Amino acid sequence: MELAIDKIRSHLKHVDDIISTEPADLKAHGYSEWSSINIDTLPVAVAYPRCTEHVQAIARVCHEHRIPIVPYSGGSSVEGHTSAPFGGISIDFGYMDKCLRFRPEDMDATVQPGLCWTELNEELASQGSNLFFPIDPAPSAKFGGMIGTNCSGTNAVRYGTMKDWVLNVTMVLADGSVIKTRRRPRKCSAGYNLNSLIVGSEGSLGIVTEVTVKLAPIPEQYSVAVVPFPSLERAVSAATAVIRRGVPVAALELMDEIQMRVINNAGTTMPKVWKEVPTLFFKFAGTLGTVKDNIATVRDTIKEYEPEAFEWATDSEEQARLWSARKESLYSLLSLRKDGEQLWNTDVAVPLSRLTKIIQDSKKEAEEFGLLATVKGHVGDGNFHENIFYDATNAEQRENAETLVKRMVRRALEMDGTCTGEHGIGLGKKDSLEKEVGNDTVVVMKLLKSALDPRWIMNPGKVFDL
């Protein structure tokens, strides 16, 4: 390891602070308060490249000396993706945070992995563009991690997931060679679809250094609606009814009564105080006429489920106030942790017809274990999150929280669902992946990894084990 670090410094001696071994840096890159999974092992060094060529030089040295490489962009993963179970070098893309090219006439942009999606949209707006990048995960998410986990977020019901917006990727392979998956047309049938192989691979096949993404026109009109319901069953049933009717909502989110209480207690949306009941959050987008029609259709569709109120907004300030409850939910939860308390944040996805059942069963089981658990989710596409509070110093509570997660995943798989809708496998769900797709399918995945990364140095220990 020391020899490898010395070689990297020698090869890139013209780059200031290319490698750090400071304890604070190692801790920041090996431990995350966002993550439900943390381990004791830390990386041995952190590299700070400025371009693809720097990453290429680092990879060549690591490949020669069999040094693990862990890509790091936003660090907001919840499944331990940025941890270093075998030590190695964490590659931090903090300096690779630029929009390299914006082509308004083609409605695309080429960006580096350290750029935050919100920063891209701010830059597009500053140039007077009527375009935006529509994938809407956590505000801290950056393109490297978004590609790694095939993220989605609140806009997924209308705009899909990350895989639907990637045109091409520039990637450094384990041996330091560089590939570009394809060119920029929005349609392509030339060869294997490597984009779909890389998006969601969690850094286990190579290191993404550039990505070209599609952009979408900013809708002419927005509106937001917040609709409380007397029960969780009615709220979920109303949401699935809207989807089955084919109403083209831009977003459809659920938060349970505990989540609404948490937001009120945290005070992050003051002076607004919310009803502490299961609540749906709708976002509408389009022309003025289509937005009005969609609002009317939704009101007609959900009235049989006895909503307790409707709050509609059309101006941007009112929309931000209403939508802030959903966007502030995770921060509200984190702010309310007591000393020693941790938050286990996990997700599954199931077919729409099974969504009510799995949410009800998961909440009931948390109550039986005596743990506080809140539910929120992208119910428009059957994806929901459970956030479980537990005392990390209490072995029994930790074990109970882990049991809750495993049982929720088992229920999802029994319902023909998935163990993760958008968080990824990481360290925490490797066993669940094999149960979901079967051993033969995992063997095929391992063959693909072995072909691209024969020394298993690319983010080892994630997705599956050697």
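**Exercise 1.** Lys363 and Asp256 are both buried in this predicted model. Find what joins their side chains, and state which parts of the chain the pair ties together.

*Solution.*
- Step 1. Check the contact. The N to O distance is 2.8 Å. The cut-off for a salt bridge is 4 Å. The two side chains therefore meet in a salt bridge.
- Step 2. Place each residue. Lys363 sits in helix α13, residues 355-368. Asp256 sits in the loop between β13 (251-255) and α9 (257-266).
- Step 3. Conclude. The pair ties together parts 107 residues apart in sequence, because one partner is in that helix and the other in that loop.

**Exercise 2.** Take Arg261 and Glu276: classify the contact, locate both residues and decide whether each is buried, partly exposed or exposed.

*Solution.*
- Step 1. The closest N and O atoms are 3.6 Å apart, and the pair forms a salt bridge.
- Step 2. Arg261 belongs to helix α9, and Glu276 to the loop between α9 and β14 (279-286), so the pair links parts 15 residues apart in sequence.
- Step 3. Partly exposed runs between 20% and 50% relative accessible area. Arg261 has 36% relative accessibility, so Arg261 is partly exposed. Glu276 has 37%, so Glu276 is partly exposed too.

**Exercise 3.** Describe the contact between Lys449 and Asp453, and say whether the two are buried or exposed.

*Solution.*
- Step 1. Their side chains meet in a salt bridge, at 2.7 Å from N to O.
- Step 2. Lys449 and Asp453 are both buried.

**Exercise 4.** How many salt bridges does the whole structure hold, and which residues are linked in a network?

*Solution.*
- Step 1. The search of the whole structure gives 22 salt bridges.
- Step 2. Salt bridges link Arg103, Asp106, Asp108 and Arg184 in a network.

Conventions. Residues are numbered from 1 along each chain as its sequence is written. This is a predicted model: local features need pLDDT of at least 70, side-chain atom pairs count only at pLDDT 80 or more; totals for chains, interfaces and linings use all residues. Side-chain values use heavy atoms; hydrogens and water are left out. Helices (H or I, at least four residues) and strands (E, at least two) are DSSP runs, numbered from the N terminus. Buried means under 20% relative accessible area, exposed over 50%, partly exposed in between (1.4 Å probe, protein chains only).
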